Amino acid sequence: MALSIVARFSRSIHLDTTHLEKFRCPVTSVVKGYFGLHLNRKFSTETIEESTPKESDKEIESLKTEMQKITENYNNLDDKYKRALAESENMRKRLMKQIDEAKLFGIQSLCKDLLEVADILTSATKSAPQDQLKDGVNPPFANLYHGLVLTESQLFKVFSRHNLVQISPEVGEHFDPNIHEAVFQAPLEAGKEKNTVAVVTKVGYQLHGRPLRPAFVGVFGP
């Protein structure tokens, strides 16, 4: 009886040992696999940690280069924009000046034509014989004369309203080629200076300060 119990116990121990032998290889493989995976992960992490700073530096340098290009493009575009803005502003000012000048000098051609009328009226009033203007001597002529004087006066008022003024230099005034035109040279008189006005043959006119017609004068010479 005792022998049979011992035999059974021995067989059970043998079976358990055999059972463990069957599972020994898989367990060992699992353990090795776990530690191997852990080691591989550790190695991979170290590799990434070692390589990451280098790649980051490259990316930073690339971003810096790209930022520099963008900044240069921005500066170029900003400079072109400012130049275009300044040019358009200058163009606007020039156009406004031309418009203002057109408003002021748009009547220039008309004024030139009216100057001849003013010259004729002035010549007519100055050439009228004074003895015929006395009371009762020649009433029709006197009435005609006074009518011409009133017309001349009204015309000069219109000229003044549009800033069209006469250029009528005095005798002895220095010759100014900008507003005077010498038509002849007169002999130098005592007490007179060279290159001064000797006589005015036709008055000039200027419109808003711009000479429209120079005054025709004789100038004292040597």
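**Exercise 1. V219**

Task: In this predicted model, state in which strand V219 lies, whether V219 is buried or exposed, and which residues V219 is in contact with.

Solution.
1. V219 has its place in strand 6, which covers residues 215–220.
2. The cut-off for buried is under 20% relative accessible area. V219 has 8% relative accessibility, so V219 counts as buried.
3. With neighbours within four places in sequence left aside, the contacts of V219 are F175, A182, F184, Q185, A186, N195, T196 and A198.
4. A further pair can be checked by distance: the C-alpha atoms of V219 and G172 are separated by 9.0 Å, although the two residues are 47 residues apart along the chain.

**Exercise 2. H180**

Task: Locate H180 among the strands, decide whether H180 is buried or exposed, and list what H180 touches.

Solution.
1. H180 belongs to strand 2, residues 180–186.
2. The relative accessibility of H180 is 4%, and therefore H180 counts as buried.
3. Not counting residues up to four places away in sequence, H180 touches I167, P169, E173, H174, F175, V197, P214, A215 and V217.

**Exercise 3. The chain as a whole**

Task: How many helices and strands does the protein chain have, and in what order do the elements run?

Solution.
1. The count for the protein chain is 3 helices and 6 strands.
2. Read from the N terminus on, the order is α-α-α-β-β-β-β-β-β.
3. Of the chain's 222 residues, 16% count as buried.
4. Take the contacts between residues at least 6 apart in sequence: 65% of these join residues at least 24 apart.

**Exercise 4. Two helices and their spans**

Task: Compare the end-to-end distance of helix 2 with its expected span, do likewise for helix 3, and state what the buried residues of each helix pack against.

Solution.
1. Helix 2 has 19 residues, and at 1.5 Å a residue it should span 27 Å; the end C-alpha atoms are 27 Å apart, so the two values agree.
2. Helix 3 has 23 residues and should span 33 Å at 1.5 Å a residue; its end C-alpha atoms are 33 Å apart, so here too there is agreement.
3. In helix 2 the buried residues are C111, L115, A118, D119, L121, T122 and T125. They pack against helix 3, strand 1, strand 3, strand 4 and strand 5 (210–213).
4. In helix 3 the buried residues are A142, Y145, E152, L155 and F159. Their packing partners are helix 2, strand 1 (164–167) and strand 4.

**Exercise 5. The nonpolar cores**

Task: Which residues make up the largest nonpolar core, and which element gives the most to it?

Solution.
1. The largest nonpolar core has 11 residues in all: F105, C111, L115, A118, L121, L155, F159, L164, Y205, L207 and L212.
2. Helix 2, helix 3 and strand 4 (204–207) are the elements that give two or more residues to this core.
3. Helix 2 gives the most, with 4 residues.
4. For L115, with residues up to four places away in sequence not counted, the residues touched are F159, L164, Y205, L212 and R213.
5. There is also a second, separate core of 5 residues, including I167, A215, V217 and V219.

**Exercise 6. The largest pocket**

Task: How much space lies in the largest pocket, and which residues of its lining lie nearest its centre?

Solution.
1. The largest pocket holds about 250 Å³ of space.
2. Its lining has 13 residues, and T122, K126, T201, K202 and V203 lie nearest the centre.
3. Helix 2 (108–126), helix 3 (139–161) and strand 3 (197–202) are the elements that give two or more residues to this lining.
4. Helix 2 gives the most to the lining, with 4 residues.
5. Sorted by class, the lining consists of 4 nonpolar, 5 polar and 4 charged residues.

**Exercise 7. Positive phi values**

Task: Where do N163 and H208 lie, and what is the phi of N163 and of H208?

Solution.
1. Most residues other than glycine have a negative phi.
2. N163 lies in the loop between helix 3 and strand 1. Its phi is near 60°, a positive value.
3. N163 has a relative accessible area of 35%, so it is partly exposed.
4. H208 is in the loop between strand 4 and strand 5. Phi of H208 is positive, near 55°.
5. With a relative accessible area of 29%, H208 is partly exposed.

Methods:
Residues are numbered from 1 along each chain as its sequence is written. This is a predicted model: local features need pLDDT of at least 70, side-chain atom pairs count only at pLDDT 80 or more; totals for chains, interfaces and linings use all residues. Side-chain values use heavy atoms; hydrogens and water are left out. On a 1 Å grid over the protein atoms alone, a cavity is a set of points where a 1.4 Å probe fits but cannot get out, and a pocket is an open set with protein on both sides within 12 Å along at least five of seven lines; lining residues have an atom within 4 Å of a point. Grid points are joined across faces, edges and corners, and a volume is the space filled by probe spheres set on the points. Ala, Val, Leu, Ile, Met, Phe, Trp, Tyr, Cys and Pro count as nonpolar, Asp, Glu, Lys and Arg as charged, and the others, Gly among them, as polar. A nonpolar core is a set of buried Ala, Val, Leu, Ile, Met, Phe, Trp, Tyr and Cys residues joined through side-chain atoms within 4.5 Å. Buried means under 20% relative accessible area, exposed over 50%, partly exposed in between (1.4 Å probe, protein chains only). Contact means heavy atoms within 4.5 Å. The expected span of a helix is 1.5 Å times one less than its number of residues.
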